[in-house]
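User: I have a model open and want to go through its confidence, core and loops. Please keep the answers short.

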Amino acid sequence: MGYNIAGLVVNKNFDRNVQQLATALRWGIEIIDEITFEQATANWLPEGEFRLYFSDKATMIFFPHEWSVEGYHVQGAKSLCYAYSATAMVFVVDYLDENGTARYFMENEGKKSLENGAPLPYEQQFPTASGLIFKLFDELLGESFHAINFADKAYRCRKIAYKEKDNAPYKNALFTETVAKEEKKAQTFQEEPKITRLFVKRAGVDILADLELTLEECYKGVTKNLLYSRKKQCTACNNPKNCSTCSGKGYVLEEHTEAVNFPAGIDDEMTIKIKNKGNWFPAKHSIWTYWKIKLQKTAPTYGDLVLAISLRKHKHFQRNGQNLICEYTLPKVEVMARDVVIQLADLDKNTLKIKIPQGTENGKVFQIKGKGFRNIKDNKVGNLLIIIKLI
Ligand SMILES: [Zn+2]
């Protein structure tokens, strides 16, 4: 039997700290037990499990073959997500360097397909995926894969739900009545852009893209027209060999606009998957069809559009879970002397008036119920917390 492995190699070892690795990958990692490197590299892995090995300079993860569809990478590092099946003669090379330059292809019985990105320097020397994958192992490991001691310590692990890290502490923001007024004026004039061009990080069968949303958009929900280019099946193909529209490729590149609705409460680090809005791929493409059928129980001809959501920083507000937080700075002498009414513009562009009683202490939190974010899962709404800073 040939060698059949799949996994991820990263040119960093995260100080051999599983937690650091988990944060970089956004995986929840549970260690089941300790094994040897030899056991970690075994052929075919049981579903749901992966094996982990830290070398002096790098990290190797061995996982089930179908995981290679996910295109796991670590930002700011060099990484190779791959599938290597000598039995099926199917290989996946999915390489991303620290600058975000990507190289992707699948090789099926010696034939490359679904190619993306410029060929890597090693590809001339190693024209087939089986040689290239091992060459990339060596590059990312900083040593020969074959030189690793079989008795070295490794881990048998399970992937579990990833717990998002707590938001960073809130930074002080001066928010006076004048600022509130200006803010409201600015918001009235700020038109929502009609079309948002997606920043595509990687386009294999699935198209992965980053999308930044404003706090207001997360608060109220928003529909955006997303523009990106994708491979669409050629409709002129009666005889693919002689098709002048696609030159026999079977697809054409089109600028596609997709209206996507982001519900109120959508949060940082969420992933939105829009089915069948990725790149076209031929249904006869055996390994993809095999994996996708296995995963989805159907045979699609398009990959998915996958959006990684991030939150744009707001001048005055910060999100903490379902709560909206704001710091309001007041002169201490004034609060000592009398009641003070403060005004601030909330995310609905309404001006809120809040009475700060005489003698209020520094750091006191005033809570306005129902002015926070909606929880997508249970529809509960958080609160607006105003933290009084006395200077
Ligand atoms: Zn065609």
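**Confidence, core and loops**

Analyst: This is a predicted model. The mean pLDDT of the protein is 84, and 86% of its residues reach 70 or more.

User: Which helix has the lowest confidence, and which strand has the highest?

Analyst: Mean pLDDT peaks at 97 in strand β4, residues 59–62. The low end is a mean of 48, over residues 177–189. Where pLDDT is low, the predicted coordinates should not be read in detail. The highest is strand β4 and the lowest is helix α4.

User: How many contacts beyond four places in sequence does the model have for residues 186–191?

Analyst: Two stretches stay under 50 in pLDDT. One of them is residues 165–180, with 23 contacts beyond four places in sequence. Over residues 186–191 pLDDT also stays under 50. For residues 186–191, the number of such contacts is 1.

User: What share of the contacts with a separation of 6 or more comes from residues 24 or more positions apart?

Analyst: The protein has 7 helices and 22 strands. Of its 391 residues, 28% are buried. Among contacts with a separation of 6 or more, the share from residues 24 or more positions apart is 65%.

User: Which helix gives the largest share of the largest nonpolar core?

Analyst: That core has 48 residues, and those touching the most other members are Val9, Phe62, Tyr82, Phe91, Val93, Ile133 and Leu140. The largest share is 7 residues, from positions 129–141. Domain 1 (4–160) and domain 2 (194–311) each supply at least three residues to this core. The helix with the largest share is α3.

User: How many residues are in the second, separate core?

Analyst: Nonpolar side chains tend to be buried together in soluble globular proteins. The second core is separate and includes Val335, Leu344, Ile386 and Ile388. Its residue count is 18.

User: Which residues is Val93 in contact with, leaving aside neighbours within four places in sequence?

Analyst: Val93 is among the members of the largest core that touch the most others. Leaving aside neighbours within four places, its contacts include Ala129, Leu132 and Ile133. Ala129, Leu132 and Ile133 are also buried residues of α3. The full list for Val93 is Ala129, Leu132, Ile133, Tyr82, Arg103, Tyr104 and Phe105.

User: What is the distance between the end C-alpha atoms of α3, and what span should its 13 residues give?

Analyst: The estimate uses 1.5 Å a residue, and the expected span is 1.5 Å times one less than the number of residues. For the 13 residues of α3 that should give 18 Å, which agrees with the model. The end C-alpha atoms are 18 Å apart.

User: What arc do the buried residues of α3 cover around the axis?

Analyst: Those residues are Ala129, Leu132, Ile133, Leu136, Phe137, Leu140 and Leu141. They sit on the same side of α3, because they cover an arc of only 160°. Among the elements covering them are strands β1 (4–10), β5 (79–85), β6 (90–96) and β7 (102–108). The arc is 160°.

User: Which residue follows α3, and what is its phi?

Analyst: Phi is positive there. The residue is Gly142, with phi near 75°.

User: What is the phi of Glu109, and what is the phi of Glu269?

Analyst: Most residues other than glycine have a negative phi. Glu109, in the loop between β7 and β8 (111–116), has a positive phi. Glu269, in the loop between β14 and β15 (271–274), also has a positive value. Phi is near 50° for Glu109 and near 70° for Glu269.

User: Is Glu109 buried or exposed?

Analyst: The cut-off for exposed is 12 or fewer C-beta neighbours within 10 Å. Glu109 has 9 inside 10 Å, so this residue counts as exposed.

User: How far apart in space are Ala151 and Phe37, C-alpha to C-alpha?

Analyst: Ala151 lies in the loop between α3 and β9 (153–160). With 9 C-beta neighbours inside 10 Å, Ala151 counts as exposed. Ala151 and Phe37 are 114 residues apart in sequence. C-alpha to C-alpha, they are separated in space by 6.0 Å.

User: What separates the C-alpha atoms of Arg197 and Asn225?

Analyst: Arg197 lies in strand β10, residues 195–197. It has 12 C-beta neighbours inside 10 Å, so Arg197 counts as exposed. Arg197 and Asn225 are 28 residues apart along the chain, and their C-alpha separation is 8.5 Å.

Technical notes: Residues are numbered from 1 along each chain as its sequence is written. This is a predicted model: local features need pLDDT of at least 70, side-chain atom pairs count only at pLDDT 80 or more; totals for chains, interfaces and linings use all residues. A nonpolar core is a set of buried Ala, Val, Leu, Ile, Met, Phe, Trp, Tyr and Cys residues joined through C-beta atoms within 7 Å. A residue is buried if 20 or more other C-beta atoms lie within 10 Å of its own, exposed if 12 or fewer, and partly exposed in between; C-beta atoms are placed from the backbone. Helices (H or I, at least four residues) and strands (E, at least two) are DSSP runs, numbered from the N terminus. Domain bounds come from an automatic or database domain assignment. Two residues are in contact if their C-beta atoms, placed from the backbone, lie within 7 Å. The arc is that of the directions from the helix axis to the C-beta atoms. pLDDT is the predictor's confidence in each residue, from 0 to 100.
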